[in-house]
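Biologist: I'm new to reading models like this one. Could you take me slowly through the strands and how they are arranged, starting with how far I can trust what I see?

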Amino acid sequence: MASHGFWSLGAQSAGGDNSSPSTPRAWCQAAAQKFTGGIGSKLCALLNVGEMEKTADPSAAADPKQGASLAETCSCSDKPCSCSRAAVGFSHLYSTDLLPALDGDLKTLNFLQEVVDILLAYIVESFDRSTKVIDFHYPNELLQRNNWELSDEPETLDDILISCRATLKYAIKTAHPRYFNQLSTGLDMVGLAADWLTSTANTNMFTYEVAPVFVLLEYVTLKKMREIIGWENGRGDGIFSPGGAISNMYAMLLARYKMFPEVKEKGMSSVPKLVAFTSEHSHFSIKKGAAALGIGTESVICIKADERGKMIPSDLERRIVEAKQKGYVPFFVSATAGTTVYGAFDPLIAISDICKKYGVWMHVDGAWGGSLLMSRKHRWKLNGVERANSMTWNPHKMMAVPLQCSALLVREEGLMQSCNQMHACYLFQQDKHYDLSYDTGDKALQCGRHVDIFKLWLMWRAKGTIGFEAQIDKCLELSEYLYNKIKDREGYEMVFDGKPQHTNVCFWYLPPGLRYVEEKVEKMKRLHKVAPTIKARMMEYGTTMVSYQPQGDKVNFFRMVISNPAATFEDIDFLIEEIERLGQDL
């Protein structure tokens, strides 16, 4: 029978009352009896720190020094106890007292238990709707509140723990159910565990000999992702990179090399004038990649989008023809599956027809919308993606994998290797005793490459594809709920007509004092200030966070995005009410 969770042990011996993870006394009592060797008492001491801090004098809790001294004291109810923390303080210990110091094992255990305690308390608090999303302070104020400066002399472990608490105190609770500010939100517990394991392993992804399991997991997962795209038998290539911007740049690099392989050795002077094409609503990383590769931002031609933010294929073809007539060489088209602001999906089938007609590499930037491929209900929005030469897909967005986790998928196998390899003989010896195809580092631009795969792989194992599908479908259901609630609600105006394709819901809120202003210029001038003002108040109160921006000739509007698995219909209702509360006097 499946466990009822971490606190169910306490519930069994405390009348079934397991409603409050912040009061673990019953669990501790049961643990002390169930586990042998003092483990239960140690767990009891570990978990009771959070309870003790909640019941302590509020004035003492406000002082980090006092809070640290509290954490040093064992709070086990039975005295004397077997809790090793009872005799350990950190005010006279330094990092040199921890492993690999000869007698550092117990001190390391206790120090890391303290750190884990801090993290667990923060995690529980992050999901508590009664807590703030943000404890906002202006930069100068925050600099003055704590000593953030680096010193020549080491600080004690006591000071290090204080720094850990202070850092999380002022951190944004991105796991909070009412945090909607970015495309990457939420905190998955399995993903978090995987991240901890990854940091513990602390290895590099460049060769099989130093990262055997991680390299194999990347191979398996990338193949699965290519199968989901629709490439036959999952054939192709790919790599995990430091974010969607780098994945997009990889695609542009490969497209250039595919057309002009001599550019690798001879540089841009060996090739004609190249031009790339992307939607006017596309991510700025396309131009940034062109700048980094020496192609130039002026060589990126922005294609018109319709009122919903989708690229207009006829304008793409017109601009390709124009470029060829001027003697330029079109080499790269980046279509977007889920634009950053509107959440629009470019018409991939029509775009792929044009790319095939003119022999241009087709890339799909699916950093935001690519995860909809996991949903049988919504994957139709990416129809035609299987015809692309490459695709960017960021699981750290809609799939809620902890940052960072971005994949570049490539249809042609071997192209990345030939484009990027430099044959460094001190890493990629050709006479190794295993299959050298698993030494993936030479196809990457980086030498040192972080292990980003394990978070995604472990979450996929824990949820299954159907679990990710349910999670994504829920977020889209919440966005439709928001759209339906505000589309005809007094004081709201949608930025574009019709139901959004993704979880992006773009709208203006018109405060009561602005709704009946007839002079258009004055109304737009005042409306432009509404979203920034409400956002500032959200942050100062700490109740919620949602983004805003202008777009083209449109004044500032709210861009609500939902990717947080913890969000509910009640949180959407709260957001609407909070916007109205904070903006009623504007």
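Modeller: Let's start with a stretch to be careful about: residues 49-73 stay under 50 in pLDDT (the predictor's confidence in each residue, from 0 to 100). Even so, the model has 35 contacts for residues 49-73 beyond four places in sequence, a contact being heavy atoms within 4.5 Å. Residues 1-24 tell a similar story, with pLDDT under 50 and 29 contacts beyond four places in sequence. Across the protein chain the picture is brighter: the average pLDDT is 89, and 85% of the residues score at least 70.

Two bits of housekeeping. This is a predicted model, so local features need pLDDT of at least 70 and side-chain atom pairs count only at pLDDT 80 or more, while totals for chains, interfaces and linings use all residues. Residues are numbered from 1 along each chain as its sequence is written, and side-chain values use heavy atoms, with hydrogens and water left out.

Now the strands. Helices (H or I, at least four residues) and strands (E, at least two) are DSSP runs numbered from the N terminus, and two strands pair if DSSP finds at least two bridges between them. Walk across one open sheet and you meet seven strands, in the order E2-E8-E7-E6-E5-E3-E4. The pairing in this sheet is mixed.

Look at its two edges, which are strand E2 (237-241) and strand E4 (300-303). Each has a single partner strand, so one side of E2 and one side of E4 are left without a neighbour in the sheet. Neighbouring strands here don't line up exactly: on average they are turned by 20° against each other, direction ignored. (Axes are lines fitted to C-alpha atoms, for helices over the stretch in contact, and angles run from 0 to 180 degrees between N-to-C directions.)

Zoom in on one pair in this sheet. Strand E7 (residues 390-393) and strand E8 (residues 406-410) run antiparallel and are joined by four bridges. If you want one bridge to find on screen, pick Ser-390, whose partner in E8 is Val-410. Then look for helix H11 (residues 244-259), which packs on the sheet. H11 touches E2, strand E3 (274-279), strand E5 (329-336), strand E6 (361-366), E7 and E8. The direction of H11 makes about 150° with that of E5.

While you're there, follow the loop between E7 and E8, because it holds something odd. Gln-404 is in that loop, and the peptide bond from Leu-403 to Gln-404 is cis, with omega near -5°.

Next, the other open sheet. Five strands make it up, in the order E1-E11-E12-E10-E9, and its pairing is mixed too. Strand E1 (179-180) and strand E9 (492-494) are the edge strands, each pairing on one side only. Inside the sheet, strand E11 (residues 545-551) runs antiparallel to strand E12 (residues 554-560), and four bridges join them. Gln-551 is a handy place to check this, as its bridge partner in E12 is Lys-554.

Two helices meet this sheet. Helix H17 (residues 453-486) packs on it, touching E9, strand E10 (505-509) and E12. The direction of H17 makes about 30° with that of E10. Helix H20 (residues 569-583) lies across E1, E9, E10, E11 and E12, running at about 25° to E10.

Before you close the viewer, try two more backbone spots away from the strands. A cis peptide bond joins Leu-99 and Pro-100, with omega about 20°. Pro-100 sits in the loop between helix H5 (64-72) and H6. Remember that residues 49-73 have pLDDT under 50, so treat H5 with some care.

The other spot is Asn-202, in the loop between H9 and helix H10 (212-229). Phi of Asn-202 is near 50°, a positive value in a residue other than glycine.
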